Amino acid sequence: MDLRDKPIGIFDSGVGGLTVVKQIQKLLPNEDLVYFGDTARVPYGTKSKEAIIRFSIQNAAFLLKSNIKFLVVACNSSSSYALPSLRRLFKIPIIGVIKPVVKQAVSSTANGCIGIIGTRATVSSLEYPKQIKRLRSDLKVKQAACPLFVPLAEEGWMRHKVTRQVALEYLSGFKRERIDTLILGCTHYPLLKSVIKDVMGKSVRLMDSAYYTALEIKSVLQQKDLSAKRKRAGTCKFFVSDEPEKFAKIGKGFLGRNLKSIKEGSADV
Ligand code: DGL
């Protein structure tokens with residue numbers, strides 16, 4: 001098989017990475033995808049650096065069995081900690097979700113104040129501020145962990161008053177800091193965009209890491225001459241480590257359509 005027609009592998013701690021799948025399918029409709037959601041061990045955002053690295057290596061090894069040409073780490077918590085280990089161990093191109101959105105945020109801020117929201121793991125890793133400062137050391141960066149956003153998004157409470165109350169609580173600090181750009185540094189947060197926008201006001205630009213990651217994947221595939229050559233629409237196979245039915249049910253809201261072909265697989269090697 002032509003290397004270019006092999007699938008792209010994508011992993012996440014669970015269902016959240018489907019926001020990345022959605023953007024990839026929009027921009028790269030001919031690519032075949034294989035997705036692994038580690039639903040048995042989700043959430044990663046509350047786990048230690050060591051556990052996140054270990055799980056991420058196992059997830060990547062699982063996807064490599066599907067003969068993938070490219071690996072996407074859709075989980076922000078994994079992208080915060082595991083990329084150096086993954087790149088050391090696996091010799092295929094690997095992309096995380098942090099760098100693409102950071103590049104955009106740095107070039108689009110007008111007042112030089114950028115906010116980041118993510119899981120506790122992502123925020124503690126300081127990976128977003130480090131990457132922003134590497135590009136422009138003069139920028140002001142403020143972060144906040146918003147752990148309750150993950151279960152609220154999975155519950156489908158996108159516009160619920162409780163979600164609004166939680167958002168007010170988490171985001172009030174950003175209002176005082178007068179940020180003009182807010183990075184949604186977690187797979188689940190694009191689903192809560194309208195509540196976050198309401199709380200932050202129109203003057204703050206929300207930047208979705210899923211969208212910019214898909215753009216970056218497209219450009220890297222082109223640069224490396226790895227874009228699919230076939231003409232038919234791409235397929236997507238889903239693997240999860242637990243509860244495929246629950247994944248299908250919640251995943252429908254994340255992907256915006258029904259999920260077919262979900263299999264159970266264990267990454268625990
Ligand atoms: N996928 C995770 C992330 O983007 C959110 C859910 C979790 O904590 O595992 O960080």
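**Close-up views of two pockets and a ligand**

**View 1. The second largest pocket holds about 350 Å³ of space.** Welcome to this predicted model. In this view, 19 residues line the second largest pocket, and Arg87, Ile94, Ile95, Gly96 and Lys99 lie nearest its centre. Two or more lining residues come from each of these elements: H3, helix H4 (83–89), strand E4 (94–95), helix H5 (98–108), helix H7 (127–135) and helix H11 (209–223). H5 gives the largest share, with 4 residues. Sorted by class, this lining has 9 nonpolar, 4 polar and 6 charged residues.

**View 2. The largest pocket contains about 440 Å³ of space.** Its lining is made of 25 residues, and Val42, Pro43, Val150, Glu154 and His188 are the closest to the centre. Helix H3 (76–81), helix H8 (149–155) and helix H12 (244–255) are the elements that each supply two or more lining residues. Here the classes split into 11 nonpolar, 10 polar and 4 charged residues.

**View 3. The ligand sits in the largest pocket.** Look around the ligand and you will find 13 residues, with Asp12, Ser13, Tyr44, Gly45 and Ser77 coming nearest. This shell is made up of 5 nonpolar, 7 polar and 1 charged residues.

**View 4. Ser13, Tyr44 and Gly45 each place a polar atom by a ligand oxygen.** For Ser13, a polar side-chain atom lies 2.6 Å from an oxygen atom of the ligand. Tyr44 uses a polar backbone atom instead, 2.7 Å from a ligand oxygen. Gly45 has a backbone N or O atom 2.9 Å from an oxygen atom of the ligand. Taken alone, the ligand exposes 300 Å², and the protein buries 99% of that.

Technical notes. Residues are numbered from 1 along each chain as its sequence is written. This is a predicted model: local features need pLDDT of at least 70, side-chain atom pairs count only at pLDDT 80 or more; totals for chains, interfaces and linings use all residues. Side-chain values use heavy atoms; hydrogens and water are left out. A residue is near a molecule or strand if one of its heavy atoms lies within 4 Å of it. A polar contact is a pair of N or O atoms within 3.5 Å; within protein, one must be able to donate a hydrogen and the other to accept it, and residues adjacent in sequence count only if both atoms are side-chain atoms. Accessible areas come from the Shrake-Rupley method with a 1.4 Å probe; for residues, only the protein chains shown count as cover. On a 1 Å grid over the protein atoms alone, a cavity is a set of points where a 1.4 Å probe fits but cannot get out, and a pocket is an open set with protein on both sides within 12 Å along at least five of seven lines; lining residues have an atom within 4 Å of a point. A molecule sits in a cavity or pocket if more than half of its atoms lie within 2 Å of its grid points. Ala, Val, Leu, Ile, Met, Phe, Trp, Tyr, Cys and Pro count as nonpolar, Asp, Glu, Lys and Arg as charged, and the others, Gly among them, as polar. Grid points are joined across faces, edges and corners, and a volume is the space filled by probe spheres set on the points.
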